[in-house]
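I opened the model today to look up how its chains meet and where the charged side chains pair. My entries are below, in the order in which I made them.

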Amino acid sequence: MPNDEQPHLNVNGKRLTIQKSWFGESLLFTLRERLGLYGSKNACEQGECGSCSIMLDETLVCACLVLTGSATGRDIKTIESLAPEGSLSTIQQAFIDTGAIQCGFCTPGLLITIKDFLDENTDPTELEIREAISGNLCRCTGYGRIVEAVRIASKTHDESQGAS
Amino acid sequence: MTTIESYKTKSGVGVSAQRPDAVPKATGKFSFSSDLSSHNMLWGQTLRSPLPSARIKSIDFSEALAISGVHAILTANDVPGKNLFGLEHPDQPVLADDLIRYAGEPIALVAAEHPEIAANAINAIHVTFEELTPLTDAESAITADPIHPEGNVIRHLKIDHGDPSVTGDLVIEGTYEVGMQDQAFMGTESGMAVPSPDGSVDLYISTQWLHSDQNQIIEALDLPEDMVRLTLAGVGGAFGGREDVSMHVHLCMLALHTGRPVKMIYDRNESFLGHVHRHPAKIWYRHHATEDGQIVKVEGKIILDGGAYASTTSAALANACCFSTGPYRVPNAQIEGWGVRTNNPPCGAMRGFGNVQTCFAIEAQMDKVAKALGIDPVELRLINALEQGDTIITGQKITGAAPVKEVISSLADHPMPGPAENNLLARPGGTGRTTDQKHIKRGVGFAVSIKNLMFAEGFDDSSEALCQVEDGNVAIHTACVEVGQGFITLIHQIAEEVLGTSDITIIPADTSIGSAGSTSASRQTWMSGGAVLKACEAVVVKLIEQIFEDEGVKYENFNGTLVSEDGTKTIPVSEALKGRSFHEKIVHRHAPTFPLNNKGQGDAHVSFAFAAHRAVVDVDQELGLVRIIEIATSQDVGRILNPLQAVGQIEGGITQGLGLAVLEELVMKNGVIQNANFTDYLLPTALDTPPIEIAALIEEPEPGAPFGAKGIGEPPTISSTPAVVAAIRDATGIDLRRVPVRPEDIALE
Ligand code: FES
Ligand code: FES
């Protein structure tokens, strides 16, 4: 049944009221289908692929595993907030430059994960990079260019940028 | 790790031009087929059979229809036209009417206000089945009672080449099996159908081949072509799994029935049920060799399990058989193949199409022959490697580039990786610390492959392109589907090459232009790339004619710059186009191919590409755990058009190959998939995937190919699998006859 309470979410710095969200609706569904924030992706909706990765109160989570109701009043940052309109963060730029994007379905989730990772680890080894992104599946690239993008971005990453 | 220099260059052919969709994809703004929405939109869902073989006794949807928010429930009775579709020929019901032939077969459709309401409605539809015994063994299917009016044998193919009485000094036999792999593209099937008041419909869908979809949809809807219009929606990967129709007809039916836009997104479970998979295979070989290592005859039997419906089984079987002896000179061959129907899920196209299965078996045989003769495995391959001018077992002479020896030697010469990093993450078993370094065994494996490029056996393969100039502004239109491979980058590069500008508009791929054929079979660079090239060139020809009429000066085009005959004047094509308009549409075809005769002989293929892979693995034999340390490759590419995209195809393709080697299998039990989700269907993660080393990309231009470029998407997926398995055999000494290699195959041997 539709839920009569109207929860609100703080998404990318904006307070948004959710009309008629369904009990049990995932935060991913709400972000995508109610708020039109389609950047977070839905490759598995069971917490296995990382394509829906977002920041919830500074913690990296799979939006598909979060109930919208439980995110009420909390701070949510999605791919849409990674860089101001019209600009690119260093990680986004590195993805583009190294050829880390093919179909691009995994890209938003990976970018959120990598931003979170580089905020903590400024000089990662290749294995650390691979481990950090091992919760994000990519079927197209074989990860080589993605690892390369993270390596390049780690050299210039600035923590103050975008979702944190 | 391979590092590509010069990321940023301009966009002519041969440089690492940037994808035009890279920024929207990096910012989350790119619209995939699952991101579509429309005012007043309904959500569609599909009821699928849980049983692999059954008769439908009754369907009661009264309870479901009474649920508030449910707008339509449709069954086979509601299919307006023929209740049949199929990629090669129609043999599969749009919705099951009587018999269920596989677990997952669609039975009914729902349209509702919210996906949860649709799901509730699906649960409230009551179907009574009479359960039947499923036919699940491909070998018995050849002689079993038919499960389909067309019979169980979709295709039986014999290749009879050379002298059958020849025998070798050495005879090596082996049987092999390949499990069912899935394309597992990240963006699941999704789309939206929008009805019009005149009874026509627009379908926005992720696919590989818009026109093939359209042809199948109009038959099922009984509508003329102009009333079913398809536009490509953003595709989240494909790898063969979107070549067949999935939700297409269903969406159109729901939209036309409700008069409202209808959106569908398969969840991951339904995606596994809703598209074809790679054919599981059983393969038997008997190789005959001379003492000095020449393969003199190969006998083989190949069975591909096509599942319940034909899809592309017939073409996959042709590939499996035609290339069943690998990239080697084999003067005598007797090969027999069957593509059969069973009550397993339908199988069809996946990257490497038919060649993957036999390559795994051939390369194992080659290693056995090498071992028995005491010849180095690389040396044995060099002794037998095909060359330009050689004949393959279908009697076809290789007239194009065949740098097989170069591919093999360049890879063999590549330095080996050092010992694994002293880090638990680098060990088999990872941070679980399941073993110590001293118990880990290293192995090295080598494999080589051949892949035919483009469609075969006489298929009229074409692609249409339009180059339109309006007041100097260039737009290019094709129906070529971008699945992530980077064709749209190539369009810009070709425009730069011919017109001197990459500042062009790409008109979205749709059915308002002629077919581009499928984005498969490593064919679009050659086919649609060729079409775009010719269309751009046609514009320049017209431009030069116009200038001659205007000024009386004859110009020639040199890479986007017009130079007058006397060499005194130059003008960039893009400048000369200003203020002018052109509309040049052309259809591009490759050289014709021909059917195979009753001995499996004929010039059935257009062109061939070769690759070699070398895998290095560390194995914990006690637990059967494998850590792939490195995969190195050399590949025959004709010419590299975009180095960065080429590397992306190679790394991505190899990763799918290693997935088949050690991780990926749809596990079947009595015709039912046991692991249709990402928890249990194991895809390679970044940690499972090793650094990929490119030893060499051999650029020997292919005659007849635009820019001399060969398709590069499939070869990486073919011989990477046998290379990994050979490396595990080398480490363990176990005769592994089946992929994927599971821990128990190693530990319990
Ligand atoms: S969609 Fe959330 S983890 Fe896959
Ligand atoms: S680029 Fe397609 S899934 Fe990663």
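These notes go from ground rules to one chain, then to the interface and the salt bridges.

**Ground rules.** I am working from a predicted model, in which local features need pLDDT of at least 70 and side-chain atom pairs count only at pLDDT 80 or more, while totals for chains, interfaces and linings use all residues. Residues are numbered from 1 along each chain as its sequence is written, chains are lettered from A and ligands numbered from 1 in the order in which they are written, and side-chain values use heavy atoms, with hydrogens and water left out.

**Chain B.** I looked up the secondary structure and found 18 helices and 31 strands in chain B, taken as DSSP runs (H or I of at least four residues for helices, E of at least two for strands) numbered from the N terminus. Of its 749 residues, 66% count as buried, where buried means under 20% relative accessible area, exposed over 50% and partly exposed in between, with a 1.4 Å probe and protein chains only.

**Interface.** I then asked how many residues of chain B are in contact with chain A. The count is 72 residues of chain B against 52 of chain A, contact meaning heavy atoms within 4.5 Å. On the side of chain B that touches chain A, helix 15 of chain B gives the most, with 8 residues.

**Salt bridges.** I counted a salt bridge wherever a side-chain nitrogen of Lys or Arg lies within 4 Å of a carboxyl oxygen of Asp or Glu. The rule gives 49 over all chains, and 6 across the interface of chain B and chain A. One that crosses between chains joins Glu651(B) to Arg145(A), with the closest N and O atoms 2.8 Å apart; Glu651(B) is buried at a relative accessible area of 1%, and Arg145(A) is buried at 0%.

Within chain A, I noted Arg151(A) with Glu148(A), the closest N and O atoms being 3.2 Å apart. These two residues are separated by about one helical turn, because they sit 3 residues apart in helix 5 of chain A. Arg151(A) is partly exposed at 32% relative accessibility, whereas Glu148(A) is buried at 1%.

Within chain B, Arg260(B) pairs with Glu113(B), the closest N and O atoms again being 3.2 Å apart. This pair links distant parts of the chain, 147 residues apart. Last, I recorded a network of salt bridges that links Arg19(B), Asp21(B), Lys25(B) and Glu482(B).
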